[in-house]
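Q: Could you take a close look at one strand in this model for me? I would like to know how that strand sits among its neighbours.

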Amino acid sequence: AKLMMDIMIPPEISEALRSQGYDVLEARELPPEIYQDDRLLLEEATKQGRVLVTCNYSDPQSNFILIHEEWQREGKEHAGIILVPQFQISHRMRRWEVRDRLVKFLNRVSAKELRNQILWLPQD
């Protein structure tokens, strides 16, 4: 699967995934008007066929769980969304654990299986 890392995912995770052979684009590489608007970010990820990796699941105004539900109601499709708990990204030592779990998960699932899904990054 090709990936789009939301702005809140540290760049070192993207670099580590690239070193494992994954095609990773960081939201911060896009124009601010796209990466600052969650709906536009998901649209861009979809346009590029990229699974979005994000920690944005709790903002009451705009989060990817709400957007995913909205898209389902509207019949819109996306390449997939992987949710990572914010506290795991915020804690520097746990970032590598997140990277390892992400690689393990991506090695187990196909891009087709992720299509139109919103999934929590598994703990194992």
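**A close look at strand S3**

A: Let's begin with the pairing: strand S1 (residues 2–5) and S3 run parallel and are joined by four bridges. Here helices (H or I, at least four residues) and strands (E, at least two) are DSSP runs, numbered from the N terminus, and two strands pair if DSSP finds at least two bridges between them. This is a predicted model, in which local features need pLDDT of at least 70 and side-chain atom pairs count only at pLDDT 80 or more, while totals for chains, interfaces and linings use all residues. Residues are numbered from 1 along each chain as its sequence is written, and side-chain values use heavy atoms, with hydrogens and water left out.

Within the S1 pairing, Lys2 has Arg50 in S3 as its bridge partner. S3 is also joined to strand S4 (residues 81–83), by three bridges, and these two strands run parallel. There, Leu52 has Ile81 in S4 as its bridge partner.

As for cover, S3 (residues 50–54) is mostly covered, with five of its five residues buried, meaning under 20% relative accessible area with a 1.4 Å probe, protein chains only. Arg50, Leu52 and Thr54 point one way from the strand, Val51 and Val53 point the other way, and all are buried. For the wider setting, 46% of the 124 residues of the chain count as buried. The chain around S3 has seven helices and five strands, following the pattern β-α-β-α-α-β-α-β-α-α-α-β along the sequence.

Notes: Buried means under 20% relative accessible area, exposed over 50%, partly exposed in between (1.4 Å probe, protein chains only).
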